[in-house]
Amino acid sequence: GGSPKDIETILQLMYLNFTSPRFDQTDFDNLITRISSLLANQETNPDFIFSKEVMKTIYGDSPRRQQLSAENLAKVKFDKLAEVHSKLYSNAKDFTFYFIGNMSPEELKPLVEKYIGSLPVEKKATNTFTDDGVRAVRGGVVNDFRQTMEQPKVSVLHYYGGDEAYTLESQLVMEFFSSALDNRYLKSIREEKGGTYGVAVRGALDAEPAEEYALLIQFDTNEQMADELSAIVIAEIEKIAAEGPLAEDMDKTREFLLKDYTKQIKNNSYWANAISEYYDYNIDVVNGYEEAVKAVSAEDVKALAKKILEDNNLVKVVMRPAKAE
């Protein structure tokens, strides 16, 4: 990124990144030392331990889904850098270049011809997307463990996953559903129970390696309230599945999304995402977006809540403080 007058410099740097990488042992050593000391501080931090356990539990302890550890960091070797770089950057056919911003195609064309046109290229792509076969566990798992900590607290994560078509409509329904949950938890857990500073809710859809949804609900609380609040987390999903979301929650989300769209459409980052959605997944998030937002109904949200409960793929991770000896 940069201003239009910097475009040639940006392309020069990109060209050098492909053709003349610089590997410096001192820079490498400094970086490893810096990460090592960060890790040394983190390894005893309960939040770090919790996220390590979360990843381990969701992905069935797969070696391909790991939190960075001192042990893994030790395997990173300076003499491998050039080999890895060459694997990734020796063939420009592997890359798609998007330009977003206030430049005309006429200004851009000669620069693209000069700097991208001269990159090393082979007849066909070398590196393409490969499915490594790792999936979130299905069928429900509970990891409830105790951890030594100076400031006692309980951390709880509910993770639901399952199959779901990757479309603009399904993305929007998930957005409405997670927002409705967010609003309900604010009332039932934070305001009525005063049990936590807040509940983080994140609903997402993935297109690769498989078309799936993930819903993550996470909060910190104390030992006395942890199980009661966990029950409320599930009860609110059950309520939406039985009765549908509240009209006020639907209205609030609809209003926010329509307003946000008029703001976001002025940002380069929005267009970068829109272009990749269009070319990678054939989804148009620009034309017809407002109509799609207006079309999401309470019934759609109710159906998603029902599906999530019926799929019954709940991964639950709970970290409690170690009991005093």
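Biologist: Let's start with two helices. When H7 passes H8, is the crossing left-handed or right-handed?

Modeller: In this predicted model, H7 passes H8 in a right-handed crossing.

Biologist: And how do I read the angle: at what angle do H7 and H8 pack?

Modeller: The angle is about 135°, and the two axes lie 10 Å apart. To put a word on an angle, you compare it with cut-offs: over 145 degrees would count as roughly antiparallel, and 65 to 115 as roughly perpendicular. H7 and H8 are therefore oblique to each other.

Biologist: Which residues make the contact between H7 and H8?

Modeller: On H7, look for Phe177, Ala180, Leu181, Arg184, Tyr185, Ser188 and Ile189. Facing them from H8 are Leu229, Ile232, Val233, Glu236, Ile237 and Ile240. Sort that contact by class and you get ten nonpolar residues, one polar and two charged.

Biologist: Now the other pair. At what angle do the axes of H1 and H6 cross?

Modeller: Roughly 15°, where H1 covers residues 7-19 and H6 covers 105-115, with the axes coming within 10 Å. Here the cut-off to remember is 35 degrees, since angles under it count as roughly parallel. H1 and H6 are therefore roughly parallel to each other. The crossing of H1 past H6 is right-handed.

Biologist: What touches what in the contact of H1 with H6?

Modeller: H1 brings Ile7, Glu8, Leu11, Gln12, Met14 and Tyr15, while H6 brings Leu108, Leu111, Val112, Lys114 and Tyr115. In that contact, eight residues are nonpolar, one is polar and two are charged.

Biologist: Okay, on to the sheet. In what order do its five strands come?

Modeller: Read across the open sheet and you meet E1-E5-E2-E4-E3, with mixed pairing. E1 (141-147) and E3 (200-206) are the edge strands; each has a single partner strand, so one side of each has no neighbour in the sheet. Ignoring direction, neighbouring strands are turned by 10° against each other on average.

Biologist: How many bridges join E1 to E5?

Modeller: Seven, and E1 and E5 (residues 314-321) run parallel. As one bridge to find, Gln147 has Pro321 in E5 as its partner.

Biologist: Which strands does H7 touch as it packs on the sheet?

Modeller: H7 (residues 168-191) touches E3 and E4 (212-221), and its direction makes about 170° with that of E3. Helix H8 (residues 226-243) lies across E2 (154-163), E4 and E5, running at about 150° to E4.

How values were computed:
Residues are numbered from 1 along each chain as its sequence is written. This is a predicted model: local features need pLDDT of at least 70, side-chain atom pairs count only at pLDDT 80 or more; totals for chains, interfaces and linings use all residues. Side-chain values use heavy atoms; hydrogens and water are left out. Axes are lines fitted to C-alpha atoms, for helices over the stretch in contact, and angles run from 0 to 180 degrees between N-to-C directions. Helices (H or I, at least four residues) and strands (E, at least two) are DSSP runs, numbered from the N terminus. A crossing is left-handed if the near helix is turned anticlockwise from the far one by less than a right angle, and right-handed if clockwise. Contact means heavy atoms within 4.5 Å. Ala, Val, Leu, Ile, Met, Phe, Trp, Tyr, Cys and Pro count as nonpolar, Asp, Glu, Lys and Arg as charged, and the others, Gly among them, as polar. Two strands pair if DSSP finds at least two bridges between them.
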